[in-house]
Amino acid sequence: MLEIRDLHVETNGKEIIKGLDLEIKKGEIHVLMGPNGSGKSTLSYALMGHPKYKITRGDVLFEGESVKDLSPDKRSKLGIFLSFQYPMEVQGVQLSNFIRLATDNKNFQEFREDLSNNMSMLKMDKSFGQRYLNDGFSGGEKKRGEILQMAMLKPKLAILDETDSGLDIDALKTVAEGINTVNKNVNSGILLITHYQRILKFVKPDYVHIISDGKIVQTGGADLVDKLEEEGYEWVSKNGHKK
Amino acid sequence: MLPLLSKIREESMNKFLGMNLPQEREEDWRYTTIDNIEFTAGDSEIMMSDAPEGVIFTDILTAMKEHSSMIEKHMKVKIMDKFSAFHYANLVNGIFIHIPDEKSAELSSVINGASHTVIVLGKNSKLKYTEEYSGTGLTDGVEIFAGEDSEVNLTSVHNSKKTFSFKHAALERSAKLDWTVASVGEFHRTRMDIDLCGEAASSDIKCAFKGRNEQHKDFLVTTNHIGRDTQSNVLGKGILDDRSTSVFRGMINIAKTAQRTDAYLSSNTLLLSEEARANSVPSLVIDTDDVKAKHGATTGQIDEEQLFYLQSRGLSEAQAEEFIVQGFFEPIVNDKLRGVLNGST
């Protein structure tokens, strides 16, 4: 479904992603881990089409078609979703109205039920829907809001950029449950980008990739996470560039 | 002519004749160019809603006849410049509102042309009032006297060609004023003076403006904290497109007597074109200790990160922009203003 081939990305005139290859099939959960500054967030922005992140070489294929020249909304319409590490606050726009416009669901009854079910799953109070988009939300509320939008948009591919950071253990479990539910019900492919291992107690990956200096340097199964937990990222840089 | 009216007109006319037009070098006029001013009074027409029993809601000439003592007590002729002098010198039409003690009313008016409105609120009374201005009147004015524990909620909509507005309010002990002024006309200068006289009086002033083409919006909002424990909030919020311009001046004066004052002043302007210009000038004069006073201003174009965020959820760039623009006024608008500000402009 997603094929990233020899991807090079630069921002502010600096190359951050330096030849990255990755393939994600329908329903698979991939975890991308790596130290700060290794290019995790740059990859997620580039995949979604942020204008400040330029793909200078390589390609991104989604269901066989190149998406690298498409605007973010076109990518979204194809079924790509990005959960932001720092979701933007937009005053005056109610969360529920926004989701309704984004999902473009003409059946109001169906929309209401779907929204209500997903909000209960994420343990979000109904009043949340009336609040302005992320305006005055706590860090945890913003992340739940992102997962809610993912659950409503039912993407084919969800890129989750540090969705686990800044969450307490209860919020982390709730968010993980949301990810698992969407993965199971919609068969979404998931690219879970994280700095920490703790969310992986609740979300079981099919593949784990380790990124360092803009390249994937290790790929393995869930056991790679245990190894990383024991040895830390230093082990990666020492033993890097093994495939 | 009524003796009170002819006195006001005559004195104001004398002042008008002796005054010059404001100069651009005067600080209050630095960002506003005055040209092609025609000092003609013109016709004016007023439509008013019904009022509940006991409440006076009438035209100002009738009020000068029938309630002259109240008018004389509360009407303050404030001449600050040539335009305000002209305003009083040509006073022919307007509205008088009196809400007696403990009473409440919801009123509205539509004003086409020049007018002067005097509002008097008795103790513990409540007023919700919407006024809409249109047409070619050069000036309009509102004066409010809010008695102890009274509450006023006012919405003023200005959609006139070239207008100078004067708005003044004096609040007694624990009186509350909530005033939203929306300006969408060609050229509009609004001068507001809010006097928080009694202790624990509070005011919440919201100025919303929208400009396009060569339109110009000018707000000069002064809040005078006189009583102790008084609170004020002034917020300017504007969207400018094309070559439109604005100036938002907020002044907070805290007198020696106004201990434990809480004052907040802020303005945000969203620029939709490269040529639009917004000026924001805050000023705070504090003559006592133990006060909280803060101000802040932002001016900028639509945030690229916000656009990207909304686009990533499937909204086209145009839809995302419209969302941000429509949402901009949402925190301060009511149903009436939503149509005015998010309409066809």
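A salt bridge is taken here as a side-chain nitrogen of Lys or Arg within 4 Å of a carboxyl oxygen of Asp or Glu. With that in hand I looked at A:Glu146 and B:Arg313, whose side chains meet in such a bridge at 2.8 Å, N to O. I note at the outset that this is a predicted model.

**Entry 1: the interface of chains A and B**

I then asked how many salt bridges the rule finds across the interface of chain B and chain A, and the count is 3. For polar contacts between chain B and chain A I found 12 residue pairs, both residues of each being at pLDDT 80 or more. Looking for the elements on the side of chain B that touches chain A, I found that helix H5 (304–311) and helix H6 (317–329) of chain B each give two or more residues. H5(B) supplies the largest share of that side, 7 residues.

In terms of contacts, 21 residues of chain B are in contact with 32 residues of chain A. The size of an interface is often given as the accessible area lost when the parts come together. For chain B and chain A I noted about 2200 Å² buried between them, with 65% of it on carbon and sulfur atoms. Which residues of chain B lose the most area to chain A? They are B:Phe308, B:Tyr309 and B:Arg313, which together account for 36% of what that side buries; B:Arg313 is also the partner of A:Glu146 in the salt bridge noted above.

**Entry 2: the four-stranded sheet of chain A and its helix**

I traced an open sheet of 4 strands in chain A, in the order E2-E1-E4-E5 and with antiparallel pairing. Its edge strands are E2 (14–24) and E5 (65–66) of chain A, each of which pairs on one side only. Within the sheet, strand E1 (residues 2–11) and strand E4 (residues 54–62) of chain A run antiparallel and are joined by 7 bridges; to fix the register I noted that A:Glu3 stands opposite A:Leu61 in E4(A).

Helix H1 (residues 40–48) of chain A lies across E1, E2 and E4 of chain A, and runs at about 110 degrees to E1(A). I checked its burial: 8 of the 9 residues of H1(A) are buried, so the helix is largely enclosed by the rest of the structure. Among the buried residues of H1(A) are A:Leu43, A:Tyr45, A:Leu47 and A:Met48. Just after H1(A), A:Gly49 takes a positive phi of about 95 degrees.

**Entry 3: the six-stranded sheet of chain A**

I followed a further open sheet in chain A, in which 6 strands stand in the order E6-E7-E8-E3-E9-E10 with mixed pairing. Strand E6 (80–83) and strand E10 (215–220) of chain A are at the edges with a single partner strand each, so one side of each is left without a neighbour in the sheet. From one strand to the next the twist averages 20 degrees. E6(A) and strand E7 (residues 157–161) of chain A run parallel and are joined by 4 bridges, with A:Leu82 opposite A:Ile159 in E7(A). Helix H6 (residues 169–186) of chain A packs on this sheet, touching strand E3 (29–33), E7 and strand E8 (189–194) of chain A, and its direction makes about 155 degrees with that of E8(A).

**Entry 4: strand E4 of chain B**

In a regular strand the side chains alternate between the two faces of the sheet. In strand E4 (residues 104–112) of chain B I found a covered face made of B:Ala105, B:Leu107, B:Ser109 and B:Ile111, whereas the uncovered face includes B:Glu106 and B:Val110. E4(B) runs antiparallel to strand E1 (residues 45–48) of chain B, to which 4 bridges join it, and B:Glu45 stands opposite B:Asn112. With E6(B) the pairing of E4(B) is parallel, over 9 bridges, and B:Ser104 stands opposite B:Lys126.

**Entry 5: loop residues**

Most residues other than glycine have a negative phi, and most peptide bonds are trans. I therefore noted A:Asp213, which has a positive phi of about 50 degrees although it is not a glycine. A:Asp213 lies in the loop between strand E9 (207–212) and E10 of chain A, and is partly exposed, with a relative accessible area of 49%. B:Glu102 likewise has a positive phi, about 65 degrees, without being a glycine; B:Glu102 sits in the loop between strand E3 (94–99) and E4 of chain B.

Is B:Glu102 buried or exposed? B:Glu102 is exposed, at a relative accessible area of 59%.

Conventions:
Residues are numbered from 1 along each chain as its sequence is written. Chains are lettered from A and ligands numbered from 1 in the order in which they are written. This is a predicted model: local features need pLDDT of at least 70, side-chain atom pairs count only at pLDDT 80 or more; totals for chains, interfaces and linings use all residues. Side-chain values use heavy atoms; hydrogens and water are left out. Two strands pair if DSSP finds at least two bridges between them. Contact means heavy atoms within 4.5 Å. Axes are lines fitted to C-alpha atoms, for helices over the stretch in contact, and angles run from 0 to 180 degrees between N-to-C directions. Buried means under 20% relative accessible area, exposed over 50%, partly exposed in between (1.4 Å probe, protein chains only). Buried area is the accessible area (1.4 Å probe) that two parts lose on being put together, summed over both. A polar contact is a pair of N or O atoms within 3.5 Å; within protein, one must be able to donate a hydrogen and the other to accept it, and residues adjacent in sequence count only if both atoms are side-chain atoms.
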